[in-house]
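Me: Could you take a close look at one part of this model for me, the packing inside and the charged pairs that go with it? I'd enjoy one connected walk-through.

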Amino acid sequence: MASSATPVNAVDLLQQALQSNIIPNQEFLLQGSILDSAAEHLLHRLRGLCDNVDTPPETFTDYEMCFSLKLPNEKAPVMTLRVRRAQDTEAPFQLRYIGQPELGDRTRPTLVRSSLDIACTPHVVEFLTEMGFRMDFEYITRGYMFRKGRMKVTVSKIVKVNTSEPISQSYLVELSVLAPTGQDAIAEDMRIFAEQLKPLVQLEKIDYKRFAQMP
């Protein structure tokens, strides 16, 4: 006998998952930088603090493109999406949405922003172009990744596409956690971990709006 239940589409399932707080849709983030000359000391410190202390850190090389969708006669984009492809593995392309940072309470230990990651096929670039998105910039990120429980630490260089020329003489250091809404306690764990990396690197929440207002 055929079921009389109403079929549930993918949008409904996604909405139910979000309401149940089972999808990691928020990113907690702290950022900093360290000069090339001191990076080796930081890598040594991280090996001692993070999981799998007896194994070398995981390396990665990612190619990333940033796309934006703008309305006619409007300067600010209505949506920005990122497409990432790991160059040293056979992992699928990754489409990522990152919302505006929620600085909120000044006492909050980390920056918090909406974040959704979706695995996709190589045709995603063509799909976005057909939708009206245009690529704003592209770059390659190359570096090391560590894990401490749910926390992820990356120490990476941002280099120009095709030339492999670094854009600076320093490494970008990021401490992040992807978690469902309502798990703000992880921010305090991140603050405590960041304290252990001082004075080598100062990890903090960056106010991007402040840079946008600079002359």
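**Around F193 and the charged pairs**

Reply: Happy to. Leaving aside residues up to four places away in sequence, F193 touches L46, L49, C50, K148, M151, V153 and L175. Please keep in mind that this is a predicted model.

F193 belongs to the largest nonpolar core, which has 27 residues. Along with L46 and L175, F193 is among the residues with the most contacts inside that core. Several elements each supply at least two of its residues: the strands β1 (26-35), β7 (151-159) and β8 (170-179), together with the helices α2 (36-49) and α4 (186-195). There is also a second, separate core of 14 residues, and Y63, L81, F93 and V124 are included in it. As a general background, nonpolar side chains in soluble globular proteins tend to be buried together.

Now to the charges. The count of salt bridges comes to eight. One of them joins elements already met in the larger core: K157 and D36 pair through their side chains, at 2.9 Å from N to O. Because K157 sits in strand β7 and D36 in helix α2, this pair ties together parts that are 121 residues apart in sequence. The two partners differ in exposure: K157 counts as buried at 10% relative accessibility, whereas D36 is partly exposed, at 30% relative accessible area.

Strand β1 brings in another pair. E27 forms a salt bridge with R113, and their closest N and O atoms are 2.7 Å apart. Here too distant parts of the chain are linked, since E27 is in strand β1 and R113 in strand β5 (residues 111-120), 86 residues apart. E27 counts as buried because its relative accessible area of 5% is under the 20% cut-off. R113, at 11% relative accessibility, is buried as well.

A third pair spans a shorter stretch of sequence: the side chains of R82 and E64 meet in a salt bridge at 3.2 Å, N to O. R82 lies in strand β3 (residues 79-86) and E64 in strand β2 (residues 58-69), so this bridge ties together parts 18 residues apart in sequence. R82 counts as partly exposed, at 22% relative accessibility, while E64 is buried at 4%.

Finally, back to E27 and R113: salt bridges that share partners join these two with R96 and D117 into one network.

Technical notes: Residues are numbered from 1 along each chain as its sequence is written. This is a predicted model: local features need pLDDT of at least 70, side-chain atom pairs count only at pLDDT 80 or more; totals for chains, interfaces and linings use all residues. Side-chain values use heavy atoms; hydrogens and water are left out. A nonpolar core is a set of buried Ala, Val, Leu, Ile, Met, Phe, Trp, Tyr and Cys residues joined through side-chain atoms within 4.5 Å. Buried means under 20% relative accessible area, exposed over 50%, partly exposed in between (1.4 Å probe, protein chains only). Helices (H or I, at least four residues) and strands (E, at least two) are DSSP runs, numbered from the N terminus. Contact means heavy atoms within 4.5 Å. A salt bridge is a side-chain nitrogen of Lys or Arg within 4 Å of a carboxyl oxygen of Asp or Glu.
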